[in-house]
Amino acid sequence: MEGANPGVDIVLVRPSRPANVAAACRAMKNMGLRSLLLVGGVDPQGMTLEERSLAYGAWDVLDGARSAPSLAKAVEDCVLVAGTSGQPAPDAWTPRRLAEEILTRAPAGRTAVVFGPESSGLRGEELELCQARVHIPADAAQTSLNLAQAVLLIAYEIRLAVRPPAPPVTARLATAGELEAALEALRQGLLAIGYLNPANPEAILAELRRLLARSQPTAREASLLRGLARQIAWAGERIAGDRGLGG
């Protein structure tokens, strides 16, 4: 995960569809997660080639899945256990809140994100083993998500929270002098094509100056704008010359 290790275990409890488990593996690896635990249900070793194909590119996650005899055993080493639920609750976390909590608690140890069977979800006693409940706020007209979709959504939020920040922009911003040079070239070009009123070009140029100030162009962008304005001036003068010849 681009150098960031969130220490997250995805735990699937009694998954009933091999295809969904394989697809969940692909979703995990898409978002940089590798640790999968299975509590009952599907045996990856018994999957057909067609089912395994849904884990395309993530067969290492599928083949590396570990089995646990119970949910309690699967999460015993984790400092945070979050169980997903299709039922909303006043204290339920969103996937984004979960990701923020993982980022905060990551130095203390691993987090388990637990998913129940596709048809029924986690049982009450299984949710009791979880310190937090996570609910994906889907549209009321269709609240059901399949296992792989739910894994992908939560893994995506985790990735956004833990990935390293983008490097700062290093391009040099245009100086005031470079912006004025670009504006002067624009003046000439826009006058040449009749866009500016020759008697009062400053009215429009003042607005363009404010626009450039807000956009904070780089030196390269100011240079491109200046070259574009010069080309506009050249084209305007050529068109005017052709009209004069034609007359």
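Strand E1 (residues 8–13) and E5 run parallel and are joined by 5 bridges. In this predicted model, that pairing is a convenient place to start a tour of the sheet. One rung of the ladder is easy to find by eye, since Leu 12 stands opposite Phe 115 in E5.

Stepping back, the sheet as a whole is open and has 6 strands, with parallel pairing and the order E3-E2-E1-E5-E4-E6. Its edges are strand E3 (66–67) and E6, each of which pairs on one side only.

On from E1, the order leads to E5 and then to E4. Strand E5 (residues 110–115) pairs with E4 in the parallel sense, over 5 bridges. Two positions along this pairing can be picked out: Cys 78 stands opposite Arg 110 in E5, and the bridge partner of Ala 82 in E5 is Val 113. The connection between the two strands also has a clear form, as E4, helix H5 (residues 95–105) and E5 make a right-handed β-α-β unit.

How much of E5 is buried? Strand E5 is mostly covered, with 5 of its 6 residues buried. Thr 111 offers a close look at this strand, in which it lies. The relative accessibility of Thr 111 is 0%, so Thr 111 counts as buried. Apart from its neighbours within four places in sequence, Thr 111 is in contact with Gly 7, Val 8, Asp 9, Cys 78, Leu 80 and Ile 102. Of these contacts, Val 8 belongs to the residue range of E1, Cys 78 and Leu 80 to that of E4, and Ile 102 to that of helix H5.

Strand E4 (residues 78–84) tells a similar story: 6 of its 7 residues are buried, so the strand is largely enclosed by the rest of the structure. On its other pairing, E4 runs parallel to strand E6 (residues 132–134), and 3 bridges join them. Here Ala 82 stands opposite Ala 132 in E6, while Gly 83 stands opposite Arg 133. Ala 82 can thus be followed across the sheet, with Val 113 as its bridge partner in E5 and Ala 132 opposite it in E6.

Attention can now turn to the packing of nonpolar residues. In soluble globular proteins, nonpolar side chains tend to be buried together. The largest nonpolar core of the model holds 38 residues, and those touching the most other members are Ile 10, Leu 12, Leu 36, Leu 98, Phe 115, Val 151 and Ile 154. Helix H7 (residues 147–162) supplies the largest share of this core, with 7 residues. Leu 12 and Phe 115, already met as opposite residues in E1 and E5, are both among the members with the most such partners.

Which residues does Ile 154 contact, leaving aside its neighbours within four places in sequence? They are Thr 84, Pro 95, Leu 98, Val 113, Phe 115, Val 134 and Ile 136. A second, separate core has 15 residues, including Val 13, Val 39, Val 81 and Val 114.

Away from these cores, the aromatic rings can be described briefly. A pair of aromatic rings is described by the distance of the centres and the angle of the planes. The count comes to 1 aromatic pair. Tyr 56 and Trp 59 form this pair, which is edge-to-face, with 5.4 Å from centre to centre and 75° between the planes. The two partners fall into separate accessibility classes: Tyr 56 is exposed, with a relative accessible area of 55%, and Trp 59 is partly exposed, at 33%.

Two backbone positions complete the picture. Most residues other than glycine have a negative phi. Arg 14 is not a glycine, yet it has a positive phi of about 50°. Arg 14 sits in the loop between E1 and helix H1 (18–30), and its relative accessibility of 21% makes it partly exposed.

Gln 216, also not a glycine, has a positive phi of about 50°. This residue comes just after H9, in the loop between H9 and helix H10 (219–246). At 53% relative accessibility, Gln 216 counts as exposed. Helix H9 (residues 202–215) itself has 14 residues and spans 20 Å from its first C-alpha to its last, close to the 20 Å expected at 1.5 Å a residue.

Technical notes: Residues are numbered from 1 along each chain as its sequence is written. This is a predicted model: local features need pLDDT of at least 70, side-chain atom pairs count only at pLDDT 80 or more; totals for chains, interfaces and linings use all residues. Side-chain values use heavy atoms; hydrogens and water are left out. A nonpolar core is a set of buried Ala, Val, Leu, Ile, Met, Phe, Trp, Tyr and Cys residues joined through side-chain atoms within 4.5 Å. Buried means under 20% relative accessible area, exposed over 50%, partly exposed in between (1.4 Å probe, protein chains only). Helices (H or I, at least four residues) and strands (E, at least two) are DSSP runs, numbered from the N terminus. Contact means heavy atoms within 4.5 Å. Two strands pair if DSSP finds at least two bridges between them. A crossover is right-handed if, with the strands pointing away from the viewer, the path from the first strand over the helix to the second runs clockwise. The expected span of a helix is 1.5 Å times one less than its number of residues. Rings of Phe, Tyr and Trp (its six-membered ring) pair if their centres lie within 6.5 Å; planes under 30 degrees apart count as stacked, over 60 as edge-to-face and the rest as tilted.
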